[in-house]
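Here's a quick briefing to keep beside the sequence and the 3D view. Skim the top, then dip into whichever topic you need.

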Amino acid sequence: MAFIDEIESINSELVAKCFQCQRCSCGCPIVDEMDYAPHQIMRMILLDQRDKVLDSNTIWLCVSCETCSTRCPNDIDIAGVMDACRQIAIEEGRKPAEERIYKFYNTFLKRVEAGGRINEPMLVAMFKLATKDFFSDMRLGMKMGLKGKLKLLSPKVKDRAAIKRMFAQTLHKK
Ligand code: SF4
Ligand code: SF4
């Protein structure tokens, strides 16, 4: 299957309509850090350059702000395309170009699945364990704690079974 068909089977994103106007890349807040700008990713998908796209840091640095999707004259959901690329890369067991970002997503989802909501100190602790980076932002963490920005208790979730069902139907479906 061509790469574009794989992407469109996940998100139906009309990538083939891209005419390289670059409006997406001009609005992207992260573009300077990316291996390839969003319009380049669109082109590479059309050219079937699967490995280059899936191994790039672009798909991991994208913060899903949707600025690109809003600016696209062809209504291509570029943020959705980045999501689809991440999904394919994970399913294939590729080593993510930005491992810390992947670990953060993973930890975040595990916490939501376990508790229905995020408990920030627990999220930080689990992320630190996953990355084995315990001290790099300790001062910032202490400042946030002193200003009450890290909530120790999170509100209870009424229907945790519904959250479990949601994960079973999406993340763990096979
Ligand atoms: S804004 Fe849309 S049409 Fe223009 S380059 Fe980006 S994806 Fe392609
Ligand atoms: S959704 Fe991703 S690619 Fe699009 S503008 Fe935001 S960070 Fe850039």
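Is the crossing of H8 and H9 left-handed or right-handed? The crossing of these two helices, H8 and H9, is right-handed. Keep in mind that this is a predicted model. The protein has 11 helices and 0 strands, and two ligands, ligand 1 and ligand 2, are covered below.

**Overall picture**

- Going along the sequence, the pattern reads α-α-α-α-α-α-α-α-α-α-α, in keeping with the count of 11 helices and 0 strands.
- Along the principal axes, the C-alpha atoms take up a box of roughly 50 × 35 × 30 Å.
- The protein has 174 residues, and 19% of them count as buried.
- Take the contacts with a separation of 6 or more: 62% of them join residues that are 24 or more positions apart.

**Around ligand 1**

- There are 15 residues around ligand 1, and the ones that come nearest are Cys-18, Cys-21, Cys-24, His-39 and Cys-72.
- Two helices, H2 (23–27) and H3 (38–46), each put at least two residues into the shell around ligand 1.
- Sorted by class, the shell around ligand 1 holds 9 nonpolar, 4 polar and 2 charged residues.

**Around ligand 2**

- Ligand 2 also has 15 residues around it, with Cys-28, Cys-62, Cys-65, Cys-68 and Ala-79 coming nearest.
- Helix H6 (67–71) and helix H7 (78–91) are the elements that give two or more residues to the shell around ligand 2.
- H7 gives the most to that shell around ligand 2, namely 3 residues.
- The class split for the shell around ligand 2 is 11 nonpolar, 3 polar and 1 charged.

**H1 against H7**

- H7 turns up again here: its axis and that of helix H1 (residues 3–11) come within 9 Å and cross at roughly 110°.
- Because of that angle, H1 counts as roughly perpendicular to H7.
- On the H1 side, the contact uses Glu-6, Ile-7, Ile-10 and Asn-11.
- On the H7 side, the contact uses Gly-80, Val-81, Asp-83, Ala-84, Gln-87 and Ile-88.
- Put together, the residues of the H1 and H7 contact come out as 5 nonpolar, 3 polar and 2 charged.

**H8 against H9**

- Back to the pair from the opening question: helix H8 (residues 99–115) packs with helix H9 (residues 120–131) at an angle of about 135°, and their axes are 9 Å apart.
- That angle is why H8 is classed as oblique to H9.
- H8 brings Arg-100, Lys-103, Phe-104, Thr-107, Phe-108 and Arg-111 to the contact.
- H9 brings Met-122, Leu-123, Met-126, Phe-127, Ala-130 and Thr-131.
- By class, the contact of H8 with H9 has 7 nonpolar, 2 polar and 3 charged residues.

**A look at Phe-167**

- Phe-167 is found in helix H11, which covers residues 160–169.
- Why does Phe-167 count as partly exposed? Phe-167 has 15 C-beta neighbours inside 10 Å, so it gets that label; buried would take 20 or more, and exposed 12 or fewer.
- Phe-167 and Ala-2 are 165 residues apart along the chain, and their C-alpha atoms are separated by 29 Å.

Key:
Residues are numbered from 1 along each chain as its sequence is written. Chains are lettered from A and ligands numbered from 1 in the order in which they are written. This is a predicted model: local features need pLDDT of at least 70, side-chain atom pairs count only at pLDDT 80 or more; totals for chains, interfaces and linings use all residues. A residue is near a molecule or strand if its C-beta atom, placed from the backbone, lies within 6 Å of it. Helices (H or I, at least four residues) and strands (E, at least two) are DSSP runs, numbered from the N terminus. Ala, Val, Leu, Ile, Met, Phe, Trp, Tyr, Cys and Pro count as nonpolar, Asp, Glu, Lys and Arg as charged, and the others, Gly among them, as polar. Two residues are in contact if their C-beta atoms, placed from the backbone, lie within 7 Å. Axes are lines fitted to C-alpha atoms, for helices over the stretch in contact, and angles run from 0 to 180 degrees between N-to-C directions. Angles under 35 degrees count as roughly parallel, over 145 as roughly antiparallel, 65 to 115 as roughly perpendicular and the rest as oblique. A crossing is left-handed if the near helix is turned anticlockwise from the far one by less than a right angle, and right-handed if clockwise.
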